[in-house]
Amino acid sequence: MEESSLSTPSRTLTLESIPCNDCEKTDSPRIEHSAGLCSDDRDSIDSIILVCGPRLIRSGFWQSNCLRDNVVMFMNCGGSEIEGTGPSDKISEDSCFERGDVIETGEPIAGSGSYTALYQSARYGAFSYKIDGITPGQYFVDLHFAEIVNTFGPKGMRTFDIFVQEEKIVSGLDIYKIVGANRALQIVDIRASVVLNEPLVINFQSLTGSPIICGIAVRKASALPPVATKMGDLMDTSAVQNKVRGTLIARYEKKIQDLISECAAKSEECFNAWCCVESTSENLRQIEMELDSKSLKNGTLEQTVERLTGELNELAEKYQHDKKRWAQAVSDLERKIKVMKEEQAKLSKEAHACVDPIPDLDKMTKAVQALVAQGEELKSKYSEEMARSRRLFNELQESKGNIRVFCRCRPVNNDEMSSGYKAIVDFDTARDGEIGILTGGATKKTFKFDRIFTPKDDQADVYADASPLVTSVLDGYNVCIFAYGQTGTGKTFTMEGTERKRGVNYRTLEELFKIAEERKETVSYDISVSVLEVYNEQIRDLLNSNPSSKKLEIRQAGGEGLHHIPGVVEAKVESTEEVWDVLQAGSNARAVGSNNVNEHSSRSHCMLCIMVKAKNLMNGECTKSKLWLVDLAGSERLAKTDAQGERLKEAQNINRSLSALGDVISALANKSTHIPYRNSKLTHLLQDSLGGDSKALMFVQISPSDNDLGETLSSLNFASRVRGVELGPAKKQADTSEVLKMKQMIEKSKQEARLKDENIRKLEENCHNLENKLKGSNKSLQEKMEIQKTEFQATLEKQNRQFSEKLKEKDEICLTLHRKVKDLETKLRQHQGQSTENILLQQKVRDLETMLKELREKPAQMNYFATPKANETDQSIILGNSNYNKPPVAATVPMKDSVLLSGVESLHEIKRKRISRDSVPGDNENIVPVVEVKKKSLLIESGNSSKTRRIDPTRGLARLTRSTVGASSIHKALPNGRAVGKEQPTGSKMRGWAR
Ligand code: ADP
Ligand code: MG
C-alpha cells in the first residue's frame, strides 16, 4: 500500500481548534481544544489520548484539508465505497476487518464535513482491523467516529480502548461524552510504524458497551526530524507512554499539592473560623447572660413602669378631676367677681351719691376710727387690769394663810318645812363671804368666812372652790380637808355625796386622775387610797375586810417626820371607776350609832387618805404627799343627846378629839413651839399633814333650822382664829421647773412694775405741770387748806391723847374687876353645891360682867368712827392700847366676848401690856382677868340636866396661855385643864370644840 499524504486539518468547522501549549512544546499528542472548553473536558480528553502526537477533532473530515498524495488507504467502515469528486477522493468500502457487525443510520450527522455517509455507517461489536500490504515505513492513522447505536442513550453507554500496532493510543473513549449523539469526531495523526511483511493492526477493546468505528484513513508520514528521529529511535513506545504518565502524574501531583495546600489553608481557615465561632459563642453566652439580667431588669422596670403608669393614670384622673373642679371654681369665682364688681360699681356709685351731700363724712369716719382705736385700747387695758386683779386676788388668797374656812348651809328639808320653818339665815352678802343670822327681833349677827355656800350651791360649785387646794397635792403639798358641823348638817353629803351628786372625795380623785393624765408626759403619779375611821380613840381600817384583833397604831417613819400605820390597806387606784367602789366600801363599813338627834348620826371620824407619789420624768425628782379628806363626827353638844353608857363614851371621845383638833389649829395659828398633836388619834394621824407647808380647808356645815345658829357660829373659834394666820409661805418640795416659772413670773412682774413706775413718773410730771399752772390761781386756797389741815391734825392728836388716858383708867378698872372675878370664882369653887350662894355669886359675876362690858363698850364707841358696821353690837373690842385708834383686825368677824376673835396681833399686844403692867414677881395668874371676862362664853349644857352651868374656864385659859407664855406654863396649865374634865366624868362640863 502507498504512503498516504493526508494532511492534518488546521481547523474544525464546529469548534475552534486551539493548540495546547504543552503539545506545541513537546511531541505529545495534540488535541484541538475548542474555545470555551472547560478544563474538565480537557482533562477527560487528556485521559483518553494516552500517547503524544494524535489530535482529537470534534467534527468530520473536510476534503479541502486533505493532502491526497499522502493517503495510502481511506475506508468507510461498515459501509460501501463512497465516490469523490476525483479518483483520488474515493473512499473504499469496508475491508481488512475481523469480526464485528455493521450499523447504518439515515439520520443526519452533525459536523460530518465533506462525507456525511462516512459517519452514517459503522462497524461495532468485538472487532479489529489488520491491514496487509502496506509498505514498511512511518504512517499516520486517522480514525473517524460517530455515536450511532444509542442515539438518544445515556452518556457512557460505550467506552473503549484503541490499540494501534499493539500500542494503546486511546483509553476509555466515550464519544457521547465528548460530542454527544449523531455528531462527527476524529482522532488524527496517530503515528504508526509498519515493518516489512507485517500488517497494520488496529484493535478495539470494549470497556463498557461495544466499540464503534465509522472510517479509517492511513497516510504516509513525513520523516521525523533528525533529533526527533534520533530520539524516536532511542525511545520505545513505553518510554513515550511513561513520559505521558509522568506528565499526568506530575500534573496530578501538582494538583494534589495544590489541593493539600488548599486543604491546609481551608483547615487554617476552618480553625480560625472555629476559634472565631468559639469566641463568638462565648460572647454570645455573655450576651445571653446579659440579656437574661437585662430581661430581669426589664421585667422589674416593666412592673415599675406599670405601677407608675397606674399611678400616673390615677394622678392624671385626679388631675383631670381637679382641673374640672378648679375650672368650675374659677368660673364660679369669676362669676362672683363679676357680680361683686357690679355691686362694687353700684355701691361706689351710691357712695358717691351719699358722699356728695355729706361733706364731713371723712371727718366722721376718722372720728369713728379714733373711737374704735380708743375702744380697742380700753379693751386691752381692761383685760390687762382683769389679769392684774386676778393675780392680786390669787396673791390675796395666798396671803390669807394656809387654812381656809368655808361655810355651807344645807337646804331646808321636808320635816323642817312641815314644822313651820322660819328663815333665820340671810345670804344677801354671801358673795362677800358674809352670812347674816337673825337672833330674834331686829338684831342680826354677821359672820365672815372665806366663802359661803348657800343651799342653792350644788356639789360642783362647792368642789370648784376647793379644787385648787385639793389639786396642790399633785404639786407636793400635804392637804387636809375637814367637814365640821352638827349631825345632819350635810358633812357626809359634802364629802361623800350620793351617786348622782358626788361629793368632794370622788371629785377630788377624778380630778387628780385627769391632771395626772394631762401631765403624764412630764410627771408619773402613783395614787393609792386608805379609808380609816377613828372611833372611841381607836383606828379602824375600813378597807380591811378581815381586820385582825391587833390594834392599829401610828408610827413615825424615817427622819422626815412622816407617819404611817403599819398594816393598813393602801388600795392602789388607777381609774375613776375603781374610786367609787373603794369609797363605797369604806362608807359601808363606817360605824354608825343611833341616838335621838339623828338615828344614823355618825359618831366617828371618817378619814380618807389619798397618797400621791410623783416622779418628775424630766429631772427624776420624787415627791410624796398626802391628801386627807375627813368627815368629822357630829359636833353637837352632848347635852342635846340622851346619851348614856356607851353612847356617852362615844360623845366624850368625839368632843375630846374635836377639841384636840381645835387646839392643834390654835397652836399652829399662834406659832406655838409645841403643837399638841398627840392629844387625840385624829390629830396624831394628821401630824405630818397639818401645819408647816401644808394646806387645810374646813367646811363648816350649818343647818338653816338651827335656832341656836348664832350661838353655834359664835362658838366657832377657827373661823376667826385662822383668819390672817401666818403659817409661813407655803413651801412645796423643790420642783425646778416650777421655780423657773415663778422666777420668770417675778421677772415679768418686775418689768411691769418698772413700766408702771415709768408711767407714774410721767403722770406725776404731768400733774406737776398742771399743779404749777394751777398754783398761781389756787395759791391762797392751798394756804387756807394747809392751815385747816394743821388744825385738824392737832385736834385729832389731842383727842387721841384724851382717849389714851381714858383707856388707861378703864384698863385699871378692868384689872381690879378681873381680880374680883377671880376671887369670886375661888369662892364659888369653895361653895360649889351650895346652890343659893352659887346663884347669888353667879348673879354677882353676871353683874360684874355687865359692868365690864359697859366699860369696854365705851372705848369701842369712842373708837367707833373707825368701825364701819353699825349692826355689830357685840363688837369684839378687847384691843391693845396701841390699837384703839385703828380699826380692829377682826372687826368684820364679830364673835361674842371672844378674845380670840381680835386677831393674833392684838392678842399678843394685850398680853404684852398686861404682863408688863402686872409683872409682880411669882404671880403666875397675871392673865386671869382676861379669862374672867371670857367666862361667859364657856357655858356648856349638861348632858343630864337641863340647867345651864358655868364650868371652869381654865381650859380656855390654858390654851391661850400655851400660845402666849412659853412651854413651861403650857405644861403647868394643861394638866389643870384636863383635870377638870376628869373630875367630871359624867360629862356635865363637856366642852364644844370652840371653848
Ligand atoms: P351629816 O353627815 O352632817 O350628819 P348628812 O350629810 O347625812 O349630814 O346630811 C343629812 C341630810 O341632809 C341628808 O339626807 C343629805 O342628803 C341632806 N343634805 C345635806 N346637805 C345637803 C345639800 N347641800 N343639798 C341637799 N341635801 C343635803
Ligand atoms: Mg354624816
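**Exercise 1.** In this predicted model, which residues does I162 touch, leaving out those up to four places away in sequence?

*Solution.* Collect the residues with heavy atoms within 4.5 Å of I162. With sequence neighbours up to four places away left out, the contacts are L143, F145, E167, K168, I169, V170, L173, I202, N203 and F204.

**Exercise 2.** Place I162 in the largest nonpolar core, and find which strand gives the most to this core.

*Solution.* The largest nonpolar core has 53 residues. I162 is one of the four that touch the most other members, together with F145, L173 and I216. Strand β10, residues 184–194, gives the most to this core, with six residues. A second, separate core holds 49 residues, including V405, V425, M698 and I702. In soluble globular proteins, nonpolar side chains tend to be buried together.

**Exercise 3.** How many disulfides does the whole structure hold?

*Solution.* The cut-off is a pair of cysteine sulfur atoms within 2.5 Å. A search of the whole structure gives zero disulfides. For C263, the nearest cysteine sulfur is that of C270, 8.5 Å away, so C263 is in no disulfide. C263 is partly exposed, at 45% relative accessible area, while C622 counts as exposed at 52%.

**Exercise 4.** Compare the settings of C96 and N536: where is each found, and is each buried or partly exposed?

*Solution.* Start with phi, which is positive and near 60° for C96 and positive and near 50° for N536. Next, locate the residues: C96 is in the loop between β4 (71–76) and β5 (97–104), and N536 is in the loop between β20 (523–535) and β21 (538–541). Last, apply accessibility: C96 is partly exposed at 31%, whereas N536 is buried at 14%.

Terms used. Residues are numbered from 1 along each chain as its sequence is written. Chains are lettered from A and ligands numbered from 1 in the order in which they are written. This is a predicted model: local features need pLDDT of at least 70, side-chain atom pairs count only at pLDDT 80 or more; totals for chains, interfaces and linings use all residues. Side-chain values use heavy atoms; hydrogens and water are left out. Buried means under 20% relative accessible area, exposed over 50%, partly exposed in between (1.4 Å probe, protein chains only). A nonpolar core is a set of buried Ala, Val, Leu, Ile, Met, Phe, Trp, Tyr and Cys residues joined through side-chain atoms within 4.5 Å. Helices (H or I, at least four residues) and strands (E, at least two) are DSSP runs, numbered from the N terminus.
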